Amino acid sequence: MGFARFLIDNARWLAAGALLTFMSGFGQTFFISIFAGEIRAEFGLSHGEWGAIYAMGTTASAVVMVWAGALADRFRARTLGTIILIGSVIACLFMAANPYAALLPLAIFALRFTGQGMSSHLGIVIMSRWFSKMRGRAIAIASFGFSTAEIILPISFVLLMGWLDWRLLWVAAAVMAALGIPALRQLLKSERSPNELAETTVTLGLDQRHWTRGETLKHWVFWLMFPAIVGQSAFGTAFFFHQVHFAEVKALSHLSLVASFPFFTAVTVASMTCFGWALDRFGVTRILPFYELPIALAFICFALASGLPMIWLGLLFFGVTAGASTTLVPAFWAEVYGTKHIGAIKALAAAAMVFGSAVGPGLTGGLIDLGIGLEAQYLGIAVFFACVTAALYVGIRKLRDQIQSSVDPA
């Protein structure tokens with residue numbers, strides 16, 4: 001079908017996916033980290049202590065995601081999405097009211113699980129399941145929610161922080177999450193369900209069959225992807241998590257750095273769009289091996305930057321990888337392992353991603369406390385991504401013919 005016809009016929013479901021990914025913003029690091037200075041000051045935390053708390057809550061979220069992510073295979077998106085957004089409202093209010101440092105890990109867990117974990121997971125899973133021929137573009141369209149949240153939330157809340165107490169801003173976040181509930185239910189009033197679409201959008205994986213989660217865990221392709229998923233999540237999260245400290249290191253105001261993030265988001269959107277088209281045109285395995293090379297260049301730029309121009313160049317490279325991964329990785333799971341158990345399989349990847357986002361801030365924060373600065377760390381991170389790219393190239397090249405022969409051409 002033509003792309004315009006595709007958008008018109010599926011606008012309701014595409015918008016639901018985008019709404020879910022947007023609402024994940026309240027549990028994403030790019031949002032939580034703007035309150036880092038206020039949280040550390042109020043509770044008397046060092047960079048390492050705040051990073052450790054963030055790691056504790058996020059790790060717990062990753063563990064629960066292994067089980068909870070599979071719920072996307074069992075429940076309608078309308079029902080599960082409503083429950084997730086209610087949980088997000090509660091999590092935001094808990095962060096607003098929490099008076100104790102000891103409860104911060106629980107607050108972070110609630111925000112990360114409902115936001116970064118389940119809301120983003122469900123938004124992408126339903127695109128992977130509901131669409132086959134246009135899967136790449138459907139995932140890219142739904143992922144615009146991430147980009148919109150990245151554009152709107154950080155800069156608007158940083159500006160509001162000049163007039164309102166940071167706790168009141170979390171109440172505002174809860175109100176926004178609550179407004180998403182009726183919107184989602186209206187969009188999915190006539191919902192597509194996995195059973196209804198099984199005959200028309202089914203995609204078989206390797207060996208012309210659907211793989212279970214247990215089989216996926218024993219397959220080496222999953223573990224080939226593991227460092228890529230964990231690494232991008234860990235160190236991408238670390239960059240945003242330490243944005244206040246990074247601005248100090250580079251002698252910039254926090255607001256000037258945050259004002260640069262919409263450029264990153266614009267590049268991410270362009271990257272998602274381009275890679276969504278390329279995925280549908282050329283197939284995921286021809287593109288995937290190289291998607292983390294730009295982020296290696298990004299961290300070199302961040303390490304060497306002496307002002308905003310080099311940081312903007314780094315954000316350009318970072319945005320290319322961010323957009324590519326948003327589109328390519330979910331499609332990769334569907335094409336390699338099939339769509340019948342895609343919720344459970346993607347839950348493993350989501351748990352790995354959440355785990356990475358726990359490791360990154362804790363590791364980098366601890367190294368800062370030990371006297372190893374962000375600039376030195378970022379050069380090491382660039383080397384890591386270069387090694388991951390080499391491993392992906394070798395591994396996926398060996399399996400390319402087998403993977404492509406298993407992809408449903410529909």
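**Exercises on a predicted model**

Helix H17, which covers residues 293-304, contains 12 residues and reaches 17 Å from its first C-alpha to its last, close to the 16 Å expected at 1.5 Å a residue. The model is a predicted one, and the exercises below stay with values computed from it.

**Exercise 1. State which residues of H17 are buried.**

Solution. The cut-off comes first: a residue counts as buried when its relative accessible area is under 20%. In H17, this label applies to Pro294, Ile295 and Ala296, then to Ala298 and Phe299, and further along to Cys301, Phe302 and Ala303.

**Exercise 2. Describe the surroundings of Thr21, beginning with its helix and ending with its separation from Cys301.**

Solution. The residue is first placed in the fold: Thr21 lies in helix H1, residues 3-23. Its relative accessible area is 0%, and because buried means under 20%, Thr21 is classed as buried. The next step is to list its neighbours: leaving aside residues up to four places away in sequence, Thr21 touches Gly123, Ile124, Ala142, Ser143, Gly145 and Phe146. With Ala142 there is also a polar contact, in which the Thr21 side chain reaches the backbone oxygen at 2.6 Å. Finally, Thr21 and Cys301 of H17 are separated by 280 residues in sequence and by 29 Å in space, taken C-alpha to C-alpha.

**Exercise 3. Work out whether Ser61 is buried or exposed, and identify the backbone atom that its side chain reaches.**

Solution. Ser61 belongs to helix H4, residues 47-68. The relative accessible area of Ser61 is 0%, so this residue is buried. When residues up to four places away in sequence are not counted, Ser61 touches Phe109, Arg112, Phe113 and Val354. Of these partners, Phe113 supplies the backbone nitrogen that the side chain of Ser61 reaches at 3.3 Å.

**Exercise 4. Characterise the largest cavity by its volume, its lining residues and the helices that supply them.**

Solution. The count gives two cavities of 30 Å³ or more, and the largest cavity has a volume of about 810 Å³. Its lining consists of 31 residues, with Gln28, Gln232, Ser325, Thr326 and Met353 lying nearest the centre. Sorted by character, the lining holds 16 nonpolar, 12 polar and three charged residues. The lining is then assigned to helices: H2 (29-32), H6 (104-130), H8 (144-160), H12 (220-241), H15 (261-282), H18 (308-337) and H19 (342-369) each supply at least two residues. Among the contributors, H18 provides the largest share, seven residues.

Conventions. Residues numbered from 1 in each chain as written. Predicted model: local features only at pLDDT ≥ 70, side-chain atom pairs only at ≥ 80, totals over all residues. Heavy atoms only, no water. 1 Å grid on protein atoms, 1.4 Å probe; cavity = no way out; pocket = protein on both sides within 12 Å on 5 of 7 lines; lining within 4 Å. Points joined across faces, edges and corners; volume = space filled by probe spheres on them. Helix = DSSP H or I, 4+ residues; strand = E, 2+ residues; numbered from the N terminus. Nonpolar A, V, L, I, M, F, W, Y, C, P; charged D, E, K, R; others polar. Expected span 1.5 Å × (residues − 1). Buried < 20%, exposed > 50% of the residue type's maximum accessible area, 1.4 Å probe, protein only. Contact = heavy atoms within 4.5 Å. Polar contact = N/O pair within 3.5 Å; in protein donor to acceptor, adjacent residues only side chain to side chain.
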